[in-house]
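User: I would like to learn how to read a model like this one, feature by feature. Could you walk me through it?

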Amino acid sequence: MESSVRTTTLPCGEAIPVLGQGTWKMGEDSRRRSEEVDALKLGLDLGVTLIDTAEMYAGGGAEEVVAKAIAGRRAEVFLVSKVLPSNASQAGLQRACENSLKRLATDRIDLYLLHWPGSVPLSETVEAFEALKKAGKIRHWGVSNFDTDEMQELGLLSDGDKVQTNQVLYNLVRRGPEFDLTPWMRKRGIPLMAYSPVEQGALAYNARLAEVAARHSATAAQIALAWVIQQDGVIAIPKAGSQAHVRQNFAALDIKLTPQDIADLDSAFPPPSRKSGLEMI
């Protein structure tokens with residue numbers, strides 16, 4: 001099925017969907033794996049071809065779920081995975097990447113992220129990422145859970161300007177990145193990848209969101225997701241463990257929030273007025 005999923009552009013010039021499929025907490029229950037695989041497959045059918053996973057999720061189990069979902073259609077997928085900071089040394093990153101490739105049953109990862117800042121010198125991790133690129137194991141690299149000062153530090157390193165994204169917690173109740181991180185990234189053309197865009201489902205029950213949703217014959221969760229992907233240079237990666245949930249997320253792409261909607265959401269969920277530390281969950 002062909003789709004007109006909107007895209008944003010990475011610094012390298014490659015266009016990727018603004019709506020992806022997250023896999024956090026997938027692979028934890030073997031009884032649900034078939035349903036999870038079918039959900040990811042439907043997303044691909046709809047054109048939601050960005051799939052985000054990590055070696056940490058279910059101890060590699062999520063990557064195994066992804067492998068089943070993309071079998072026979074790897075060329076369609078923009079595959080994102082993440083390495084733990086404890087594995088971010090030269091030798092550790094090589095091993096971790098090989099293990100993820102094996103679990104994913106592929107020969108390459110399209111975008112490989114450092115899951116959060118750790119004790120390994122960032123310069124060593126960047127050098128290791130670049131070595132993996134040259135070896136054809138990964139196509140691009142990026143980071144996750146980096147605040148503005150950490151992005152600035154990264155930018156000063158040799159090859160630090162090769163970073164393609166920063167994946168952070170961002171949604172209507174976690175708007176801290178808007179104060180300085182998002183503007184810094186937008187100025188440099190680096191998309192922000194938002195995880196937990198519906199606050200792990202909590203925003204689905206928000207009364208103020210439901211008021212806006214009623215104007216669009218939508219759900220509160222769809223409004224929360226539409227708000228994230230309507231931001232310039234922002235990608236959302238919600239998890240959907242069922243086909244029905246995938247369809248609901250996909251429908252958020254068609255919601256066009258009006259200036260009045262935005263004003264009402266800003267009133268209900270005020271943007272930050274000062275710097276705060278980057279939140280993580």
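**Reading the fold, piece by piece**

Analyst: Let's begin with a covered helix. The buried residues of helix 2 are covered by elements that include helix 1 (33–46), strand 4 (50–52), strand 5 (78–83) and helix 3 (90–104). Please keep in mind that this is a predicted model.

User: How many of the residues of helix 2 are buried?

Analyst: For helix 2 (residues 61–70), 8 of the 10 residues are buried, so this helix is largely enclosed by the rest of the structure. Those buried residues are Gly61, Ala62, Glu63, Val65, Val66, Ala67, Ala69 and Ile70. After helix 2 comes Gly72, with a positive phi near 80 degrees.

User: Which general rule helps when I look at the faces of a helix?

Analyst: An α-helix has 3.6 residues a turn, so residues three or four places apart point the same way. With that in mind, turn to the packing of helix 2 on helix 3. Their axes come within 7 Å and cross at roughly 45 degrees. Helix 2 and helix 3 are therefore oblique to each other. On the helix 2 side the contact is made by Glu63, Glu64, Val66, Ala67 and Ile70, and on the helix 3 side by Ser100, Arg103 and Leu104. By class, the residues of this contact between helix 2 and helix 3 are 4 nonpolar, 1 polar and 3 charged.

User: At what angle do helix 7 and helix 8 cross?

Analyst: The axes of helix 7 (residues 207–215) and helix 8 (residues 220–229) cross at roughly 85 degrees and come within 8 Å. That crossing makes helix 7 roughly perpendicular to helix 8. From helix 7, Leu209, Ala210, Val212 and Ala213 meet Ala220, Ile223 and Ala224 of helix 8. The contact of helix 7 with helix 8 divides into 7 nonpolar residues, no polar and no charged.

User: Let's move to the backbone. What sign does phi usually have?

Analyst: Most residues other than glycine have a negative phi. Against that background, look at Asn145, which is not a glycine and yet has a positive phi of about 60 degrees. Asn145 sits in the loop between strand 7 (138–144) and helix 5 (148–155). Gln200 also deserves a look: its phi is positive, about 50 degrees, although it is not a glycine. You will find Gln200 in the loop between strand 9 (192–195) and helix 7.

User: Are Asn145 and Gln200 buried or exposed?

Analyst: Asn145 is buried, at a relative accessible area of 5%. Gln200 is partly exposed, with a relative accessible area of 48%.

User: Which residues does Gln167 touch?

Analyst: A contact list is easiest to read when sequence neighbours are set aside. Gln167 belongs to strand 8 (residues 166–169), and this residue is buried, with a relative accessible area of 2%. Leaving out residues up to four places away in sequence, Gln167 touches Asp52, Tyr57, Lys82, Leu113, Val143, Ser144, Asn145, Met193, Tyr195 and Ile237. Asn145, the residue with a positive phi of about 60 degrees, is thus one of the residues that Gln167 touches.

User: Where does Gly20 lie?

Analyst: Gly20 lies in the loop between strand 2 (15–17) and strand 3 (21–22). With 4% relative accessibility, Gly20 counts as buried. Beyond its neighbours within four places in sequence, Gly20 is in contact with Val48, Leu50, Ala236, Ile237 and Pro238. Along the chain, Gly20 and Asn249 are 229 residues apart, and their C-alpha atoms are separated by 9.6 Å.

User: And what does Leu84 contact?

Analyst: Leu84 is placed in the loop between strand 5 and helix 3. Setting aside neighbours within four places in sequence, its contacts are Glu55, Met56, Leu114, His115 and Trp116. The C-alpha atoms of Leu84 and Met56 are 6.9 Å apart, with their positions 28 residues apart along the chain.

User: Now for the whole protein. What radius of gyration does it have?

Analyst: The protein has 18 Å, which agrees with the value near 19 Å for a compact globule of 281 residues. Its C-alpha atoms fill a box of roughly 55 × 45 × 30 Å along the principal axes. The protein contains 10 helices and 10 strands. Buried residues make up 52% of the 281 residues. Among contacts with a separation of 6 or more, 77% join residues 24 or more positions apart. The exposed area is about 12000 Å², with 49% of it supplied by carbon and sulfur atoms.

Notes. Residues numbered from 1 in each chain as written. Predicted model: local features only at pLDDT ≥ 70, side-chain atom pairs only at ≥ 80, totals over all residues. Heavy atoms only, no water. Axes fitted to C-alpha atoms, helices over the stretch in contact; angles between N-to-C directions. Helix = DSSP H or I, 4+ residues; strand = E, 2+ residues; numbered from the N terminus. Parallel < 35°, antiparallel > 145°, perpendicular 65-115°, else oblique. Contact = heavy atoms within 4.5 Å. Nonpolar A, V, L, I, M, F, W, Y, C, P; charged D, E, K, R; others polar. Rg over C-alpha atoms; globule rule 2.2 N^0.38 Å. Buried < 20%, exposed > 50% of the residue type's maximum accessible area, 1.4 Å probe, protein only. Areas by Shrake-Rupley, 256 points an atom, 1.4 Å probe, with all protein chains shown as cover.
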